[in-house]
Amino acid sequence: MSLKKFVCTAAVAAFLVITAPPAGAVEQSQPDGIDALPFMPEPATQVWATRSLSAQPGQPQPQFLRLDIDQLTPRFVTGDSPATVKITGRIVNVGDRKVSDIVLRLERGEPLEAEDDLRKALREPAAAEAVQPRFTQVASELESGQQKDFTLEVPLRGTEPTSLEVERPGIYPILANVNGRPDYGGQARLAALSTLLPVLGVPGGETKGKPGAGAQLTVLWPIADRPRLVRLGGEGRSELVDDELAASLSVNGRLYGLLQAYEQAIASMSTAMCVAIDPDLLRTVQAMSTGYTVRGGAEGKGRVEAKLWLDRLKLAVTGRCVMALPYADADLVALNRAKLSTMRTLAVSDGPKLIQDVLSVRPLPNLVWPEDGVLDQSTFDELVTPVPDRPGTGVKSLLLDPTGLADAPGTAPVGIGGKNPVTAVKIDSMVSDALQGSDSRPRTLSGVAAPVESQPVSVQNALAVLVFRAGWQGDGRNVLVAPPRRWHAPLPEMTEFLAAAQKLLAGGYATQTGLEQLTAATPSVTTAKVAYPAEAGAREISPVITNSVANQGVELNGLVAAMQQEDSAHASPADLSGPLWLGLLRVMSGAWRQNEEGARSAAVISQGEIDALTGMVGVTQPNSPILLGSGDSPIPVTITNKLDVRVTVRINLADTPGIRKLDLADQVLPARGERVVRVPVEVLRSGRFPVTVRLTTPEGVPLGDTVKLEVSSSAYGTITVIVTVIAGIALVLLSGRRIYKRVRARNGENGEAPSIENVTPEKSSA
């Protein structure tokens, strides 16, 4: 054996000796150091499927096993729950080697008593080593790529070797811990899942008493999606960016599940629940229900699903609480920073009317729920100030995150004073954040919908926090639950969360409180102020996008200023520009936060729609060159307006050598009309000239395409004629002068004048 082989063999042997576990490693007596995690496991509030764990902290993570849990029963333990906890799922070998002696156990930690402990557990899993029952074997070995289904059922209380030994109510951290032995290594923890198990009552044992008055529970149910509408048209003429909504509105789709979960819960939670609807989604689904196309020309496939979903939504919300999100869930702070006040007003005023028209239900008036539940002071001031000459405008109530308020103690609604007082209703950030998921993982694996998301989102931790709020804090505190705007939890997870809320209501731990009741309450604190966390500013729509929208807004304003309604039978300028303003709001949607590429794509779409409108007015290319008969002959230019409104246009000629532009008044084109305008010019020389012509509005907004005209002229211009005449006169004068001089010279030679040859020079005197 070579020296090199000997050294390698010795090194491998030393590694195996160091890492080999003692006998009975899979038993309860296994030393804690062997199965200890190098870092904490992932909490269940993000995904049920967990990633593999590395053997050494700070080094690349070798992947051995993945733990997928399909069910945890019960999710919420009460006195009449089963006396056992059961989990089902599978273990998958995702590594490059065989893993042997695969075992599983459920562990638990000490109950979390304080709110701070619970908040910390939402950020990173809490310790769960207080009770470590015996392991149960799942598989003797798994080759790479193989998987093994399992069902593990353990007693909730008692002294059995696998029991969790829960003897009193509490919010317990629990850990599903998988150990195994990969080839070339020792027994170690290879996968784990940590979550919280709320125990309000121990089966056959103690039940938690009610802490005074029940919590006042209110649940916002968001119905929203990212913007997808490109163009709104008549039957079959609307256009969408893609056809993903067709699947979302179908059975097992996201929007289908949101509506079904609401329908199932509304019978017993009709007062507590309020649907928050994005008007842009409503308009998009309504357009789909009459037929539509997808960008690129393909026919949309979701017409039937859209109509059925819209009919169900209308039936479900009839007589219920409904509130309008800002149109397209626009980022109000970003709109204000970009000085797009008209668009901000449109975002909060257009939606309620649309919801009322489509669903025949009146949303709660003058109420705004901004993105992330926060506003800066400038945006707040603009929102609450009534619009002149528009009675009833100005926001009266806000739904804000506690981080968006200062000097606002307690959980009850507070007043924000000033010239226009406002009631601020506080969202319960701990429950809502648990539904959103921890910031420790990418948002593509959180509660936010994303195309790459494939793992289901669990609400187990949020469910535990809700039980803590009602069962341990209570005392009449307000608990306003607000899931993520574009929530992506599967239907079973939504129904589990709402079922827990119903149990708390039925047990007297919580009472239903309507959102309208909160917004109409007289605040006991009236000195609160808005606050804008620094991290909120970092999540706003980027200045690159807001600048693009601002430029498009200037272009659209210039176009609207040039329009006039022909008569009552024709469209008004607002009919044409309104959809384009809404398109700009889609670019500013909060759905594009942290997704600048999506925002850029939306900006390209909105610019394309504006270009399509301005392209309806322009110069018509003539079929042949234009011949000018004289130097002051005008150039005939044909201009066309295909819009249903009159448009004031300005004809612009580019500087052309040999042709001088003369003044021309702005022209008014009739709706759906065409005119030939004779543009006055002065030709400075004969020849052929390429003349570039383009239309603009009086404000300079380009209309249509630039057209190049071929202009020919054999005539002299006025200046050329004048120069020629002056030159001719000068030539005549010069010729006459020369003739005159010659005549005089001839007369002197033949007359009486003495010849110079006969003159004697005069002598000088001495």
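The following dialogue examines how terms such as buried, exposed and paired apply to this predicted model.

Visitor: Why is Ser397 called buried?

Guide: A residue counts as buried under 20% relative accessible area. Ser397 has 7% relative accessibility, and therefore counts as buried. Ser397 belongs to strand 16, which covers residues 397-400.

Visitor: What makes Asn366 and Thr519 residues that Ser397 touches?

Guide: Contact requires heavy atoms within 4.5 Å. Setting aside residues up to four places away in sequence, Ser397 touches Asn366, Leu367, Val368, Val422, Thr423 and Thr519.

Visitor: Why is Lys339 called exposed?

Guide: The word exposed applies over 50% relative accessible area. Lys339 has a relative accessible area of 74%, so Lys339 is exposed. Lys339 is placed in the loop between helix 8 (332-337) and helix 9 (341-359). The C-alpha atoms of Lys339 and Thr546 are 9.4 Å apart in space, while the two residues are 207 residues apart in sequence.

Visitor: How do you know that strand 18 and strand 19 pair?

Guide: Two strands pair if there are at least two bridges between them. Strand 18 and strand 19 (residues 422-426) have 3 bridges, in the antiparallel sense, and therefore satisfy the definition. Within this part of the model, Ile416 stands opposite Val422 in strand 19.

Visitor: In which order do the strands of the open sheet lie, and what makes strand 15 and strand 18 its edge strands?

Guide: The sheet consists of 4 strands in the order 15-16-19-18, with mixed pairing. Strand 15 (367-368) and strand 18 (414-416) are the edge strands, as each pairs on one side only.

Visitor: What makes a set of residues a nonpolar core?

Guide: The residues must be buried, of a listed kind such as Leu, Met or Phe, and joined through side-chain atoms within 4.5 Å. The largest such core here has 152 residues. Those with the most contacts inside this core are Leu217, Trp221, Met269, Phe497 and Ile635. Helix 12 (residues 460-473) gives the most to the core, with 9 residues. A second, separate core has 32 residues, including Ile69 and Val166.

Visitor: Which residues are in contact with Met269?

Guide: Leaving aside neighbours within four places in sequence, Met269 is in contact with Leu217, Val219, Leu498, Ala501, Gln502, Leu505 and Gln512.

Visitor: How many residues does the protein chain have, and what share of them is buried?

Guide: The protein chain has 766 residues, of which 51% are buried. The chain contains 19 helices and 33 strands.

Notes
Residues numbered from 1 in each chain as written. Predicted model: local features only at pLDDT ≥ 70, side-chain atom pairs only at ≥ 80, totals over all residues. Heavy atoms only, no water. Helix = DSSP H or I, 4+ residues; strand = E, 2+ residues; numbered from the N terminus. Buried < 20%, exposed > 50% of the residue type's maximum accessible area, 1.4 Å probe, protein only.
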